[in-house]
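Hello,

Here is the structure I promised to pass on. Have a look at it first, and my notes follow underneath.

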Amino acid sequence: MEEPLVPLVPMSHTAHIRSHRKPRRNASSLAMRAGVAGGVLSTLAVAGAAGSANAAEPVTQTLELPTLTADLATQVAESADATQQAAANYELRAERDAAAAKAAKQAKADLADAKKKAEVKKKAAEAARKAAAAEAVSRSSARTVLSAGASTSTNVAAPASGSVATVVAFLKAQVGDAYVMGGTGPNAWDCSGLVQAAFKQVGVDLPRVSQDQSTSGTPVSLSNVQVGDILYWGSAGSAYHVGVYIGNGQYLDAANPSKGVVIQDLSGYPATGAVRVL
């Protein structure tokens, strides 16, 4: 019987060297390697998924960012409007407070001025009352002497009531008042309104207008005019202006809107005539 032939496998020329031999990998080693590889792949897959998820987040935030920015801008604008409105309210309140303070200050000044003027008038009236008796006696005595030396004693009559001092004191207390056409006081006058009010202080009722006042009482010449006589400009019965002689070549009248109630020199504006009622 013939022996079977054994096939010859050619060997590497380095097969006899131990370090050059390729170690054989058994099944356990391969399984371990496969497990490790699978774990690595799983880890990479999880990491990739997490990375994908994380990569998606900025996209969401980027999409939401315009909305957040718009809301923030709206809030800033509303806050600015509210601040501006509050500032406007504070400014308006400050203006109102300033106006109220100014009005109160002016009212206080006007009241003080009115009180001062009233006090001056009161003092003038008191002084006139104190001098009334002496003035009345002096004036009556002078007129009595004049009547005794005159050919006609009925031309000048003694006053029935009041005194010249009271009339003059009242007139001087009105100096500085305004001139107003048709004014009869207490702080604004026209010429005849002032004269009428002055003589009313001593119980003498004069007509209201200058034309009629120029014919009231006894006519006197300008050379003999005395304190308390009524001066008029224009002809008697049609006079256009009146005033009262206060002595020393002066008269007091409600002159015109630019001057008001003033004391003036008779030489600067000579009167036409005069009448005496006291």
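Let me begin in the sheet: β4 and β5 pair in the antiparallel sense over 4 bridges, where two strands pair if DSSP finds at least two bridges between them. Helices (H or I, at least four residues) and strands (E, at least two) are DSSP runs, numbered from the N terminus. Y232 has V242 as its bridge partner in β5. On another side, β4 is joined to β8 by 3 bridges, and these two strands run antiparallel; here I230 stands opposite V275.

Before going further, a word on the basis. This is a predicted model, in which local features need pLDDT of at least 70 and side-chain atom pairs count only at pLDDT 80 or more, while totals for chains, interfaces and linings use all residues. Residues are numbered from 1 along each chain as its sequence is written, and side-chain values use heavy atoms, with hydrogens and water left out.

The pLDDT (the predictor's confidence in each residue, from 0 to 100) averages 76 over the chain, and 61% of the residues score at least 70. Residues 140-161 fall below 50, and this stretch has 15 contacts in the model beyond near neighbours in sequence; contact means heavy atoms within 4.5 Å. Where pLDDT is low, the predicted coordinates should not be read in detail.

Now the overall layout. The chain holds 4 helices and 8 strands, in the pattern α-α-β-β-α-α-β-β-β-β-β-β along the sequence. Of its 278 residues, 26% count as buried, meaning under 20% relative accessible area (exposed is over 50%, partly exposed in between; 1.4 Å probe, protein chains only).

Back to the sheet, which is open and has 6 strands in the order β3-β8-β4-β5-β6-β7, with antiparallel pairing. β3 (218-220) and β7 (261-265) are at the edges with a single partner strand each, so one side of each is left without a neighbour in the sheet. Neighbouring strands are turned by 35° against each other on average, direction ignored; axes are lines fitted to C-alpha atoms, for helices over the stretch in contact, and angles run from 0 to 180 degrees between N-to-C directions. The edge strand β3 is joined to β8 (residues 273-276) by 3 bridges, and T218 stands opposite R276 there.

Which way do the β4 side chains point? I230 and Y232 point one way, L231 and W233 the other, and all are buried.

Across β4, β5, β6 and β7 lies α3, running at about 50° to β5. In this helix 8 of the 10 residues are buried, so α3 is largely enclosed by the rest of the structure. Among the buried ones are C191, L194 and F199.

That leads to the nonpolar cores (sets of buried Ala, Val, Leu, Ile, Met, Phe, Trp, Tyr and Cys residues joined through side-chain atoms within 4.5 Å). The largest has 27 residues, with L194 and F199 making the most contacts inside it. Two or more residues each come from α2 (164-173), α3 (191-200), β4 (230-233), β5 (241-247) and β6 (250-254), and α3 gives the most, with 6. Leaving aside neighbours within four places in sequence, F199 is in contact with V167, V204, L206, G228, I230, V244, V277 and L278. A second, separate core of 9 residues includes V220, L231, Y245 and A274.

Happy browsing, and best wishes!
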